[in-house]
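Me: Could you walk me through one part of this model in detail, and then show me how it sits in the rest? I work at the bench, so plain language with the cut-offs spelled out would be lovely.

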2 protein chains.
Amino acid sequence: MPVPKKSQPKLADVARLASVSEATVSVVLNGRVGKHARVSEATQERIWNVVRELGYVADPAAKTLAGGSSMILAVFTFETIFPIEHRNFYYPFLVGIEQEARTQGYDLLLLTSINQAQMGRHIYQNGRNRLQLADGAILLGAENNKQEVLTLLEDRYPFVFVGRRESPNDNISYAGADYVQAAVEIVNHLFDHHHQKIAYIATMNIKESSRDREAGVRLAHQQKGNPLAANLIWRGTADQLMLEKLTAFMQMGVTAFIAEDDLLGNRILQLAEGAGWQCPRDFSLAVLGDPLSLSEPAHTWTTFKIPRQAMGREAVRLLMQMLSENDREREAPYRSMLPCTFVPGISVANAPNP
Amino acid sequence: MPVPKKSQPKLADVARLASVSEATVSVVLNGRVGKHARVSEATQERIWNVVRELGYVADPAAKTLAGGSSMILAVFTFETIFPIEHRNFYYPFLVGIEQEARTQGYDLLLLTSINQAQMGRHIYQNGRNRLQLADGAILLGAENNKQEVLTLLEDRYPFVFVGRRESPNDNISYAGADYVQAAVEIVNHLFDHHHQKIAYIATMNIKESSRDREAGVRLAHQQKGNPLAANLIWRGTADQLMLEKLTAFMQMGVTAFIAEDDLLGNRILQLAEGAGWQCPRDFSLAVLGDPLSLSEPAHTWTTFKIPRQAMGREAVRLLMQMLSENDREREAPYRSMLPCTFVPGISVANAPNP
DNA sequence: ATCTTTTGATAAATCGCTTTATCAGATGGT
DNA sequence: ACCATCTGATAAAGCGATTTATCAAAAGAT
């Protein structure tokens, strides 16, 4: 029983001091004048004065219960909310989300997916929406439970994803990064350095972000009139990638590698080093996006920067729009695609003359 | 109006299906059997079955309003909650807090102090306690508004500080780190290396953490029968510290420096380098605590590690105790002091023979 | 048999706020 | 003068829980 309800002024106090009914105060304070009821200028003034004098602020719990807005935004990650391992990856999103939320006067309710016992703790915990208390939610991370997201959609609960997300009805709102365009730029950069045969070292992931990157790589090839051959693609995890594979690529005439993520990029460099190859000299390398591994970027390779902080902010902005939208029947999702920043590194050089 | 109240089962549903009153269900679900009312084993069983079947979970807002517990913990920092600058400093606390909260089944409500317009956004915003919604709060960071904390105390709102905090009545609960003992160890380490005259380079801070460190430095000297002379202490910010001062210390016979924080430590090394001194050879250096500066530790100096994550966890544990304590009149604060870990570095060598 | 105690459970008030439905009085048209 | 409209505001019914006070039936005591 926290907070002895002591001296906190309540709606009733304001009403009494302003000599009006609670209903009137509520209407005025929520800007519902003219909608739910009519209130004269004079009365409004009087109410606001009392509010200021008392320092009245509505109790969020009561507000929520009564169907009002709680000025709370939920942030749901499908991992632990403060992942130690992916600290460098998630932190900027969170910073962006928090900044914008704060700007808009919202507080953040953090909800995590996994509890220590490895039991899933989900959005729908025991069937009840844990996000309920909040006005809306920002979803973050690689969700492992699409079903929950769909249910959320069905329930018309307002939420925005950070990162592009697909769904059967294509109606998920999100603030994403334009990996397609970013990948195109990377490939073009390699083309500009006269690389003809580029091997694409990809993950096995079927995540949207993964597919977008691949789409970009393919698109750039097509635009060049040089479609990406199937045998130039390798898929797997970093420790599955072996030197033989790289050697095979080189023998096929490959002069540059594109790694989908930094784990693969590191692996390539590691294998190459073992074989005595030097990076920009014997082969070029580009990586699709800044690192998600534990450490700070060790190599200054050619890559692009994901606008994580901006994505966080944008997601909150979209959510705000969604919430203020009075057209409750709107079907169109709210979306933004933010550009990535090309980062030239020292891992790309001109292809050797044939 | 988030979440169409649609299909979420409510207390009434459970009651109806179990053929009991709402009151009984509430009593059972909150473990108040025998306290508020008596309920037979059979009935309890029946209720739990319905609850499981329906997947019923209480609405946090309603729970809060009715005076129950919301299973939400507020985390209030007196800075932005995701400070970019002090990322390395704050993150571990947050991780610890979140871990333990999750373990206990609590969610986290993040509240920050400062909004973008530099207007203070405080615990008591407009006189209303923003923490209200939560069952209790963890307070974090260097508070600039002692008054708020005192008001919180008066209101008997349950909260625990991360880091030792003093107050007029000495009744603040906290999970702190034992800087005194840690500082003692550092000084003894220097003594063991035959350093007799040690200069203490301190901040101007009057924070508890700052005073504890100084207390430790003094204590170790006294235990050695060699009280710390006033003229061996320097106070100021890193950029106020000049080479002359260090030179003066050296001429007084100082063979080792203790820097209160890493900013001062870095400054000493920087000045020394300019003067052509080498660190372990010409003087020894120890730093009281791991870095709070932006970058990862650049130097492997002798210092101690603050158990930040553990402090976060412990703070939550203390808060849990506080909340479960039914003796509402308890006056004694809940406290823990966690030990720091001594980290030997390469910045301490034996003092030159006199 | 009668009175007291224990057991098991409920009715109803509350928490603080939102919203729907309703209403009295002022205004206006004819 | 009379009916229709507009204005300004309120009463009251929730929202989904918790908790206090109360009560009937069963068990125990004498």
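How far apart are the end C-alpha atoms of helix α10 (residues 262–275) of chain B, and what should its 14 residues span at 1.5 Å a residue?

Reply: Happy to! This is a predicted model, in which local features need pLDDT of at least 70 and side-chain atom pairs count only at pLDDT 80 or more, while totals for chains, interfaces and linings use all residues. Residues are numbered from 1 along each chain as its sequence is written, chains are lettered from A and ligands numbered from 1 in the order in which they are written, and side-chain values use heavy atoms, leaving out hydrogens and water.

Let's start with the helix itself. Helices (H or I, at least four residues) and strands (E, at least two) are DSSP runs, numbered from the N terminus. The end C-alpha atoms of α10(B) are 20 Å apart, which agrees with the 20 Å that its 14 residues should span at 1.5 Å a residue. The expected span is 1.5 Å times one less than the number of residues.

Both ends have something to show. At the N-terminal end, D261(B) acts as a cap, with a side-chain oxygen 3.0 Å from the backbone nitrogen of L263(B). A polar contact is a pair of N or O atoms within 3.5 Å; within protein, one must be able to donate a hydrogen and the other to accept it, and residues adjacent in sequence count only if both atoms are side-chain atoms. Just after the helix, G276(B) takes a positive phi of about 85 degrees.

Now for its surroundings. Buried means under 20% relative accessible area, exposed over 50%, and partly exposed in between (1.4 Å probe, protein chains only). The buried residues of α10(B) are D262(B), L264(B), G265(B), R267(B), I268(B), L269(B), L271(B) and A272(B). Their cover includes β8 (198–202), β9 (233–235), α9 (243–251), β10 (256–259), α11 (279–282) and β11 (284–287) of chain B. Contact here means heavy atoms within 4.5 Å.

Next come the aromatic rings. Rings of Phe, Tyr and Trp (its six-membered ring) pair if their centres lie within 6.5 Å; planes under 30 degrees apart count as stacked, over 60 as edge-to-face and the rest as tilted. This rule gives 21 aromatic pairs over all chains. One of them joins F249(A) and F257(A): the ring centres are 6.2 Å apart and the planes stand at 70 degrees, so the pair is edge-to-face. Both F249(A) and F257(A) are buried. In chain B, F257(B) and F283(B) also make an edge-to-face pair, 5.8 Å centre to centre with 80 degrees between the planes. That pair links distant parts of the chain, 26 residues apart: F257(B) is in strand β10, and F283(B) is in the loop between α11 and β11. F257(B) is buried at a relative accessible area of 1%, and F283(B) is buried at 2%.

A charge can sit over a ring too, which here requires NZ of Lys or CZ of Arg within 6 Å of the ring centre and within 35 degrees of the ring normal. In chain B, the charged end of R213(B) is over the ring of Y179(B), 4.1 Å from its centre. In chain A, R213(A) lies over the face of Y179(A), at 4.1 Å from the ring centre.

Finally, the DNA. A residue is near a strand if one of its heavy atoms lies within 4 Å of it. Around DNA strand D there are 27 residues, and T24(A), T43(A), K10(B), L11(B) and S26(B) come nearest. The side chain of K10(B) has an N or O atom 2.6 Å from a phosphate oxygen of that strand, and for S26(B) the corresponding distance is 2.4 Å. A base oxygen of strand D is 3.4 Å from a polar backbone atom of L65(A). With three residues, α4(B) gives the most to the surface near strand D.

DNA strand C has 28 residues around it, of which K10(A), L11(A), S26(A), Y56(A) and R38(B) come nearest. A phosphate oxygen of strand C is 2.5 Å from a side-chain N or O atom of K10(A), and a polar side-chain atom of N30(A) lies 2.8 Å from a phosphate oxygen of strand C. Here α2(A) gives the most to the surface, with four residues.
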